[in-house]
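Subject: Handover of the model and notes on it

Dear colleague,

Please find below the structure I promised to pass on. I would be grateful if you could read the notes beneath it with the model open beside you.

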Amino acid sequence: MNSTLEKLPHCISALTIQIPPDRVGNEREKIVKQYLQHAQLPGYRAGKAPRMIVEAKFKQKIESELEEALLSSGVRDAIKEHNLQVLGVQAVEDVKREPNGPLTFTAKVITAPEFELPDYEHITVQAPNLDVAEKEVEDALERLRQRLADFEDVEARPLEITDFGVLDVAGKLDDKPLSESIEGNPGRELQGRDNFWLKLGEGNFLPGFCEAIVGMNPGETREFAIELPMDFPVTDLQARKIDYTVKLREIKKQALPPIDDDFAAKVAPGKTLAELRDLVRADLEKQKANFIDEGKRRQVVDYLNRSAEFELPQHMIRNEAQRIASDIVRENQERGVKDDQIMENQKEIAASAQSSARERLKSAFILTRIAVKDGIKVTREEMNERITALAVRYSTSFDRMRKDLEERDALSGLEEELLIAKTLAHVTAAATVQPLELPTVQPA
């Protein structure tokens with residue numbers, strides 16, 4: 001067999017392949033023998049029909065199977081001959097075969113990008129100190145204290161900016177209930193509802209709303225208008241005026257518990273305040289460590305992508321960009337963004353998805369090459385752990401989850417995902433870390 005290789009743009013290689021007549025004949029003979037052994041023809045027992053009749057009866061099928069077998073084996077041998085790392089076959093073209101002659105054709109295959117690995121053994125990243133400051137512990141305890149607060153009735157005075165108000169709220173736009181004035185769902189609080197608890201504070205809920213109800217007494221009703229800003233999240237309400245009617249039912253004051261051993265026992269049964277502080281500190285350290293590790297991994301990926309330049313397979317960019325764009329659209333819909341607004345931003349969404357797809361694919365190819373070079377592999381135990389985690393997430397058994405992945409031909413993709421993550425962790429662990437001073441991080 002003879003073959004030549006031509007490298008084309010975008011990771012495409014064109015293989016021109018010629019299969020000699022003797023190989024064509026040998027392959028045809030193998031196929032014909034199979035038909036001679038198993039052909040069922042009227043008047044003949046299986047395997048006893050004359051060759052001439054069998055070949056005439058199954059000529060089209062024989063030729064189709066012959067061409068399919070020769071094309072498949074020819075591409076496979078040419079790939080091996082030229083030592084190509086093929087991701088897929090794009091097309092088989094110009095198939096020609098004359099009687100008793102060779103079979104020639106061109107196969108266009110998609111290959112992995114060719115590039116020199118950057119120096120990934122001496123990467124420098126920056127990271128803040130892992131130490132948790134005492135103020136961070138105190139702030140975390142204060143957040144826990146807020147969650148355990150009780151509420152006391154306030155009597156004999158009007159509503160103040162530090163109170164909680166229990167309100168009946170009704171909102172109108174152009175003299176119609178808000179729900180009838182705009183499409184979609186602007187939110188129950190914006191439309192208005194009864195028994196609405198609101199913590200007063202400058203800028204809370206809507207600009208100027210809290211200030212408009214300060215000084216009310218329980219049972220009092222007040223009417224006022226709120227001018228919404230140009231950048232208001234609900235597009236149809238931007239720069240619009242909502243007329244509100246608000247009745248104050250009750251005034252509540254937040255009663256915060258003292259931070260002591262009783263408080264600690266409510267948060268973590270059986271724990272003292274000192275032990276609760278240790279638990280909070282450990283949790284903050286874990287959150288901060290995860291935050292720092294994610295930042296280091298992101299810096300490693302950015303470095304790798306900047307340090308290697310190569311083309312990417314266009315079909316992979318296209319597929320990944322479509323997947324990312326679908327995720328962006330779904331996330332926007334879940335946030336309540338209307339379809340027409342999403343359509344207005346489709347060019348920006350497509351551009352963002354295209355850029356993200358290139359970055360993701362580029363780092364994936366680099367990390368996969370590093371895995372090969374450093375002998376990093378995914379173990380059976382790691383695969384089983386990931387499948388178990390997926391089974392738990394989807395409330396199914398391990399065996400059923402694995403079978404589902406096999407049926408969807410998704411096991412190899414899962415293994416590749418684990419390999420890339422494992423390799424990124426390997427490269428990040430070897431990076432040199434320089435200290436970075438950052439403002440105090442408040443974990444969620």
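The notes below go through the core, the salt bridges, the surface patches, two backbone angles and two distances.

Please bear in mind that this is a predicted model, in which local features need pLDDT of at least 70 and side-chain atom pairs count only at pLDDT 80 or more, while totals for chains, interfaces and linings use all residues. Residues are numbered from 1 along each chain as its sequence is written, and side-chain values use heavy atoms, with hydrogens and water left out.

I begin with the interior. The largest nonpolar core (a set of buried Ala, Val, Leu, Ile, Met, Phe, Trp, Tyr and Cys residues joined through side-chain atoms within 4.5 Å) has 26 residues, and those with the most contacts inside it are Leu-167, Phe-209, Ile-213 and Tyr-244. Two or more residues each are given to this core by strand 7 (164-173), strand 9 (196-199), helix 7 (209-213), strand 10 (221-227) and strand 11 (241-255), and strand 11 provides the largest share, five residues. Helices (H or I, at least four residues) and strands (E, at least two) are DSSP runs here, numbered from the N terminus. As general background, nonpolar side chains tend to be buried together in soluble globular proteins. Throughout, buried means under 20% relative accessible area, exposed over 50%, and partly exposed in between (1.4 Å probe, protein chains only).

Next come the charged pairs. The structure holds 35 salt bridges, a salt bridge being a side-chain nitrogen of Lys or Arg within 4 Å of a carboxyl oxygen of Asp or Glu. Two strands that contribute to the core are also joined by one of these: Arg-249 and Asp-168 meet through their side chains at 2.6 Å, N to O, and because Arg-249 lies in strand 11 and Asp-168 in strand 7, the pair ties together parts that are 81 residues apart in sequence. Of these partners, Arg-249 is partly exposed at 38% relative accessibility, whereas Asp-168 is buried at 12%.

A second bridge joins Asp-174 to Arg-240, with the closest N and O atoms 3.0 Å apart. This pair links distant parts of the chain, 66 residues apart, since Asp-174 is in the loop between strand 7 and strand 8 (176-177) and Arg-240 is in the loop between strand 10 and strand 11. Asp-174 is exposed at 55% relative accessibility, and Arg-240 is partly exposed at 29%.

Within helix 1 (residues 21-38), Glu-27 and Lys-30 are three residues apart and so separated by about one helical turn, and their side chains meet in a salt bridge at 3.7 Å, N to O. Lys-30 counts as exposed, at 52% relative accessibility. In addition, Arg-28, Glu-29, Arg-51, Glu-55, Glu-63 and Arg-97 are linked in a network of salt bridges.

Which residues gather in a patch of negative charge on the surface? They are Asp-261, Asp-262, Glu-275 and Asp-278, and helix 8 (261-267) and helix 9 (273-307) each supply at least two residues of this patch. Asp-278 has its place in helix 9 and is exposed, with a relative accessible area of 52%. Patches consist of residues with over 30% relative accessible area and no salt bridge, like charges being joined within 9 Å and nonpolar side chains (Val, Leu, Ile, Met, Phe, Trp, Tyr) within 5 Å. A nonpolar surface patch of about 320 Å² is made by Tyr-44, Met-52 and Ile-53; Met-52 is found in helix 2 (residues 51-57) and is exposed, at 71% relative accessibility.

Two backbone angles deserve a look. Most residues other than glycine have a negative phi. His-10, however, has a positive phi near 60°; it lies in the loop between strand 1 (2-8) and strand 2 and is partly exposed, at 37%. Asp-174, already mentioned for its salt bridge with Arg-240, has a positive phi of about 55° although it is not a glycine.

Finally, two C-alpha distances. Thr-16, in strand 2 (residues 12-19), is separated from Asp-340 by 49 Å, with their positions 324 residues apart along the chain. Glu-415, in helix 15 (residues 411-429), is 9.1 Å from Glu-382, the two being 33 residues apart in sequence.

With best wishes

Key. Accessible areas come from the Shrake-Rupley method with a 1.4 Å probe; for residues, only the protein chains shown count as cover. Lys and Arg count as positive and Asp and Glu as negative; His and the chain ends are not counted. The place of a charge is taken as NZ of Lys, CZ of Arg, CG of Asp or CD of Glu.
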